[in-house]
Amino acid sequence: MAESEVPEIELIIKASTIDGRRKGACIFCQEYFMDLYLLAELKTISLKITTVDMKRPPADFRSNFEAAQPPILIDNGVAVLENDIIERHIMKNIPGGHNLFVPDQEVSKKIENLYSKFKHMLMKRDETSKNNLTNTLTRINEMLASKGTRFLTGDTMCCFDCELMPKLQHIRVAGAFFCDFEIPASLTHLWTYIREMYQLDAFTQSNPADQDIINIYKNQQGVKSVKREELELPSYTTSIPSTLAA
């Protein structure tokens, strides 16, 4: 395929709620960013990422998309709205996209409740909710151990990896900040997986700053940002337990 024939796909994502010039911490924006980044690496598409500050959206954003919230996918001038429709469009309409969507009921079932368990812990902040989240992480760890693969369904990334890893990062960063929660170092297969993801451009290029992850949950809880947060240099947690560092 000639360079000129490679379609340009635009993904509009939410900007940071602290600094509107950088990408925000929307897990769905990051998931589709990762999906499309993988396709761009394979040169089946050219990818353009546009951030929109939803506190101060440009006038043409509202006139074009009315009340729609990012992520918004633009393919050949046509806007694709709503998460499930975006997923379907990537799978069925974008060159190479079908290769990302690997059917695996076990993986789907193991990861489907992870984020709701995390949100429950943020609300309750008690040992029971922490244990429930740890149990879900443990089941993912056991699944990775039994599969013995680099990623969730094999040795190449798929849509499930792009769905899971943003959630794991939010659990690490916001879980530690709000609840003193740490993913147990004993979950070595899960940590090996996380370490692998930290080394991939699809993750590092789409990964929001720690401050932005924390801030979206502060906003959900009605906690106002303080001015110094806007002045802080962004930090990015990519450390792993010392037992795996070798």
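Let me start with Lys-167, which counts as buried at 10% relative accessibility. A word of caution before going on: this is a predicted model.

Lys-167 does have a partner. Its side chain meets that of Glu-163 in a salt bridge, with 3.3 Å from N to O. Both residues sit in helix H7, which covers residues 159-179, and because they are four residues apart there, about one helical turn separates them. As background, side chains of opposite charge can pair when their charged atoms come close.

Now to two acids that have no such partner. Glu-31 lies in helix H1. Glu-31 is buried and has no salt bridge. Which side chain of opposite charge is nearest to Glu-31? It is Lys-167, 5.7 Å away. A salt bridge here requires a nitrogen and a carboxyl oxygen within 4 Å, so that pair does not count as one. Setting aside its neighbours within four places in sequence, Glu-31 is in contact with Glu-87, Cys-162, Glu-163 and Pro-166.

The second acid is Asp-35, also in helix H1, which runs over residues 27-41. Asp-35 is buried without a salt bridge, and the nearest side chain of opposite charge is again Lys-167, at 11 Å. Beyond four places in sequence, Asp-35 touches Ile-90, Leu-100, Cys-159 and Cys-162.

Back to the pairs that do form. How many salt bridges does a search of the whole structure find? The count is eight. I will show two others. Lys-130 pairs with Glu-127, their closest N and O atoms being 3.9 Å apart. These two are three residues apart in helix H6, residues 127-147, so about one helical turn lies between them. Lys-130 is buried, with a relative accessible area of 17%, whereas Glu-127 is exposed, at 53%.

The other pair is Arg-56 and Asp-53, with 3.1 Å between the closest N and O atoms. Arg-56 counts as exposed at 58% relative accessibility, and Asp-53 as buried at 13%.

Next, the pockets. The largest pocket has a volume of about 400 Å³. It is lined by 24 residues, and those nearest its centre are Lys-14, Ala-25, Cys-26, Ile-216 and Gln-220. Two or more lining residues come from each of H1, helix H5 (114-124) and helix H10 (210-220). H10 gives the largest share, four residues. By class, the lining of the largest pocket holds eleven nonpolar, eight polar and five charged residues.

The second largest pocket has a volume of about 330 Å³. It is lined by 15 residues, and Leu-38, Glu-41, Leu-42, Thr-156 and Met-157 are the closest to its centre. Here the elements giving two or more residues are H1 and helix H9 (201-204). Which element gives the largest share of this lining? That is H1, with three residues. The lining of the second largest pocket divides into eight nonpolar, four polar and three charged residues.

One last residue is Leu-200, placed in the loop between helix H8 (188-198) and H9. Is Leu-200 buried or exposed? Its relative accessible area is 18%, and the cut-off for buried is under 20%, so Leu-200 counts as buried. Leaving out neighbours within four places in sequence, Leu-200 is in contact with Arg-150, Phe-151 and Met-157. Met-157 came up a moment ago, among the residues closest to the centre of the second largest pocket. Finally, Leu-200 and Pro-57 are 143 residues apart along the chain, and 31 Å separates their C-alpha atoms.

Conventions:
Residues numbered from 1 in each chain as written. Predicted model: local features only at pLDDT ≥ 70, side-chain atom pairs only at ≥ 80, totals over all residues. Heavy atoms only, no water. Buried < 20%, exposed > 50% of the residue type's maximum accessible area, 1.4 Å probe, protein only. Lys, Arg positive; Asp, Glu negative; His and termini not counted. Contact = heavy atoms within 4.5 Å. 1 Å grid on protein atoms, 1.4 Å probe; cavity = no way out; pocket = protein on both sides within 12 Å on 5 of 7 lines; lining within 4 Å. Points joined across faces, edges and corners; volume = space filled by probe spheres on them. Nonpolar A, V, L, I, M, F, W, Y, C, P; charged D, E, K, R; others polar.
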